[in-house]
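I sat down with this one to see how two of the chains meet, and then to check one helix and one side chain. Notes follow in the order I ended up looking.

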Number of protein chains: 4
Amino acid sequence: MKIAFIGLGNMGGCMAQNLLKAGQQVWGYDLSEVALQHFTEGGGIVCSTPQAAAQEADIVITMLPAAKHVRDVYLGEDGVLATLKAGSLCIDCSTIDPQTIKDIAEAGEAKQIVVCDAPVSGGTIGAQAGTLTFMVGASEQTYEATKPVLSLMGKNVVHCGAVGTGQVAKICNNLILGISMTAVAEGMALGVKLGIDPHALAGVINSSSGRCWSSEVCNPWPDICANAPASRDYQDGFATQLMLKDLGLAIEAAGQVKQPVLLGGLVQQLYQQLCLQGHANLDFSSIIQQYLPAQK
Amino acid sequence: MKIAFIGLGNMGGCMAQNLLKAGQQVWGYDLSEVALQHFTEGGGIVCSTPQAAAQEADIVITMLPAAKHVRDVYLGEDGVLATLKAGSLCIDCSTIDPQTIKDIAEAGEAKQIVVCDAPVSGGTIGAQAGTLTFMVGASEQTYEATKPVLSLMGKNVVHCGAVGTGQVAKICNNLILGISMTAVAEGMALGVKLGIDPHALAGVINSSSGRCWSSEVCNPWPDICANAPASRDYQDGFATQLMLKDLGLAIEAAGQVKQPVLLGGLVQQLYQQLCLQGHANLDFSSIIQQYLPAQK
Amino acid sequence: MKIAFIGLGNMGGCMAQNLLKAGQQVWGYDLSEVALQHFTEGGGIVCSTPQAAAQEADIVITMLPAAKHVRDVYLGEDGVLATLKAGSLCIDCSTIDPQTIKDIAEAGEAKQIVVCDAPVSGGTIGAQAGTLTFMVGASEQTYEATKPVLSLMGKNVVHCGAVGTGQVAKICNNLILGISMTAVAEGMALGVKLGIDPHALAGVINSSSGRCWSSEVCNPWPDICANAPASRDYQDGFATQLMLKDLGLAIEAAGQVKQPVLLGGLVQQLYQQLCLQGHANLDFSSIIQQYLPAQK
Amino acid sequence: MKIAFIGLGNMGGCMAQNLLKAGQQVWGYDLSEVALQHFTEGGGIVCSTPQAAAQEADIVITMLPAAKHVRDVYLGEDGVLATLKAGSLCIDCSTIDPQTIKDIAEAGEAKQIVVCDAPVSGGTIGAQAGTLTFMVGASEQTYEATKPVLSLMGKNVVHCGAVGTGQVAKICNNLILGISMTAVAEGMALGVKLGIDPHALAGVINSSSGRCWSSEVCNPWPDICANAPASRDYQDGFATQLMLKDLGLAIEAAGQVKQPVLLGGLVQQLYQQLCLQGHANLDFSSIIQQYLPAQK
């Protein structure tokens, strides 16, 4: 089985390594020399274009920054769909809007190429450890076909529904995540200002109806969760600018189907404000800065 | 040990019954004849004023609608503090602002009466079943003193810190709850509009970083959680107007300490809008109505 | 005609001076020695209590910081209503909630004392220059009775309706003001970031449908309006904390009548955030700071 | 002088008629047969493609629904830039994002074709009456060149700065407009609920610091402004869905330059909610519906 992997950045690079470690042959492409170097060292075969990597591939996996790149790689003049053989399978793991992947899947169908979406959660840590969750948008049959290869890179492969629903699940989850993180930031900052010990407050919340991933696993107040970015100066987490990107996707998709997202619209702007103040690369739990006095 | 119980409504009535079932003697007061009738039937001793109930009591428990009532019962001319003997213990289980209970505790101190706050979570179901959580704001010693009696009415008695911090924990938790419920409503409504099955979406969220009490236990989309109000037309839950009251307490307390609560300020108004549209008595998860077409 | 003036601070002090300049005899009271000194120098007669000032007065004017003070001065044990003669007229020029003045007016009625509200717009500059606008909540007859004295301190005396409606007009106006100022801040900051000259942008807005007092008279971008606080480092204007107070009154009044104020709820919190960052004493047009990079 | 006019809808159709009335020869194109019929009746020369209309034109005016159409008309394979002669002038009057017109202008430059943006305010009434305001983004020289022709369709031709700044001015103005309209809706609804007469309230606001175009000219409360849409059941105004489109442009442009627009982000969603409830075609002042009880 020949696997092509296009996009070998922070996430894609680690994912490809796990394929190589599992004994797969992988043909790879990336714009970055450093990324390609690392890929070669792991045993990957470097190609000079996406099309070259996809040549004769049975499975193409893409992990790219934005819809524009995904569209170019698949649908561009020298794109992957133009070179792939009938019967091959494309899995896009990027986080993009649902419509783009539906468009590409439709274009693939005309050439008997199956395209599906499988965005991930778990971050670079999950990518390295091979413990990602994949949210697959595909037919039942295609979903089954993705499982063997995705299982080499993650521990959960969840079927969300038809093509595009993997993206829908991802952006809806991250919409809720961005809002609930900000909610926890507000609640923790308010409680401490009102005189309660932050550990006592977190304890109550986590055993009550306010509990959420953002309060239990990634609490924005320092030293509540030992392994959370808040306990290491908001370093090495899910960057504010990436949360901002995902909120943008949610709100754009909402606009396309004329669906209001009131808190989402506000939280997007609050994350934009946080970036403006220079925190684009900090973990998104640093939104708590907006609730603390300026000097801190 | 003589226990006085003032405020025998939906919550207080059930709590008092659990004391009676546990073999305690309870002197009770309420404005409502129906409430008193029910209390008598359970073996309680009805009194005609709060002061009469508190006469010679060792422990006074109050469960009242708002700060105004708590203030009147304790500090009024014929109030409880004026009649209690030194060394008695007052436990206010109402949900009110932190400052009021601090003021009352200070007034009590002058008479060697110990006052603490112990607001609850768990709703009327928890009150009936005796499975409430009490969030106690008191000295360590007083906290220990409240445990035997509170344990007869609940399963968790949590120490939050000094007097007032029980209220702080409660309102911060409910602030986060109100926001995260609205977040889940937005995310679920958006996902379904974008074409994903609501069960599949809830499944992804609940195994990912968007998970929270509002998605797992009380999902606002019908028939995701069998026992949630959303699965019974938003009946018999935590009423929108009570959530609105608690958000009001959070925002008022925030204003007193000059602390911003951006999402809180907006969500309070969204719940106010929901009440304006006639849903004051539905469970607060009915906020999802704001995200669905008008005809529904 | 004997006039009593209670509350001789920044606003009240200037207003009283205008009465004195117009040849009126004025008996005054304030807690501040400095304020009383200034009042004496202008020819006022200093009294040691509000009650002393009101003794035998035909007209009492109050200008106080908050509802609590107004309530104390009128309804307290040694309050003004207890000492005034029947037939006298009380004009409260403070900015407070509408309900308080209605309560006081009702208490006055029982003693044949007429009480009305007449909050002002125009700031300290208008108070000094005698160019204030008074928004009067009173019966038609009382409104006519207030005009001679209010005209000595302002140029517009507007009848808003029954008692309390002066306050309603004031807080609704300032609600709109706080929001539209923030809107102009957003629009100006966005436009400049997108590359338009701020003067050109302000020119378009002010000749188009975005024009408002905040864009035309008090533009938050520096040097658009020569006399606006933005052109003098946001000094000597309408302080952020006073705007925050007025927004608080609007939102509190809205809550009492169960009326949603979505943008109001958010803007209140944005002004709270601005105060948290140390700008409580700057003009409220400094909200534009929230839209500029941190270092600026 | 040969003028081509592409896009003869509600706005463009009326604008072209004014050129014809002024004695100009106009070659026109639109997809709609009805629009072309009306154009012919006014003396226009119908063409079967945009390119045919632009053939040999000295000036091309475009008035199209969205950026996508503008891009296609100018840059498409059979686009206008491919057929125009060097030295010709293109004026795009559509409301689109600033970047698109900058891209087109750059493409034009390579062929010595001058492209500028001149979005309008004034609505269909202004288009009919020839009283539009044009916001021109162009060099000083090009601006002067647009004036003779634009003056035939409007009464104000304002120079905003370089190419794209016309769009910037338009979207910033409409951002402020959408927010201030909602602010006035909140303030009016609150005031009336608190008991003030809406006419009295509007009177105070319009002579005070809350005054804005939305309170003075287009007040959302019925019968305050006789000629406003609110006084004719919100018919025949600036449709909610068009305001929603413009807010979308503002927020998208803000995202591109990483600029927060907090109130804008929320108001966009409130207008989306209004559309969801079936009011997409009502005047945007119908946002006041969100502040009134459901039955109304």
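**Entry 1: helix H8 of chain B.** I began just past the end of the helix. B:Gly195 follows H8(B), and its phi is positive, near 105°. I kept in mind throughout that this is a predicted model.

Next I checked the length of H8(B). The helix has 29 residues, and at 1.5 Å a residue I should get a span of 42 Å; the end C-alpha atoms are 42 Å apart, so the two agree.

Is H8(B) mostly covered or mostly open? I found it mostly covered, with 27 of the 29 residues buried.

**Entry 2: chain B against chain A.** I looked up the contacts here. On the chain B side 56 residues take part, and they touch 57 residues of chain A. The buried area comes to about 4,900 Å², and carbon and sulfur atoms give 69% of that. I then asked which three residues of chain B supply the most of its buried area against chain A. They are B:Ile176, B:Leu194 and B:Leu263, which supply 13% of what chain B buries there.

**Entry 3: polar and charged pairs.** For the same two chains I get 2 salt bridges. One that I looked up joins the side chains of B:Arg211 and A:Glu216, at 2.8 Å from N to O. Polar contacts across this interface come to 22 residue pairs, both partners at pLDDT 80 or more.

Which elements of chain B supply at least two residues each to the side touching chain A? I noted strand S9 (154–161) and helices H8 (165–193), H9 (198–206), H10 (213–216), H11 (240–256) and H12 (262–279). My helix from Entry 1 turns up again, as H8(B) gives the largest share, 21 residues. By type, the chain B side splits into 36 nonpolar, 15 polar and 5 charged residues.

**Entry 4: D:Asn219.** I switched to chain D for a single side chain. D:Asn219 sits in the loop between helix H10 (213–216) and helix H11 (240–256) of that chain. Its relative accessibility is 0%, so I count D:Asn219 as buried.

What do the polar atoms of this side chain lie close to? One is 3.1 Å from the backbone oxygen of D:Ser215. On the nitrogen side, the backbone N of D:Trp221 is 3.0 Å from a polar atom of the D:Asn219 side chain. Leaving aside neighbours within four places in sequence, I listed contacts of D:Asn219 that include D:Val184, D:Met188, D:Ala202 and D:Ile224.

Notes
Residues numbered from 1 in each chain as written. Chains lettered and ligands numbered in written order. Predicted model: local features only at pLDDT ≥ 70, side-chain atom pairs only at ≥ 80, totals over all residues. Heavy atoms only, no water. Contact = heavy atoms within 4.5 Å. Buried area = accessible area lost by both parts, 1.4 Å probe. Salt bridge = Lys/Arg side-chain N within 4 Å of Asp/Glu carboxyl O. Polar contact = N/O pair within 3.5 Å; in protein donor to acceptor, adjacent residues only side chain to side chain. Helix = DSSP H or I, 4+ residues; strand = E, 2+ residues; numbered from the N terminus. Nonpolar A, V, L, I, M, F, W, Y, C, P; charged D, E, K, R; others polar. Buried < 20%, exposed > 50% of the residue type's maximum accessible area, 1.4 Å probe, protein only. Expected span 1.5 Å × (residues − 1).
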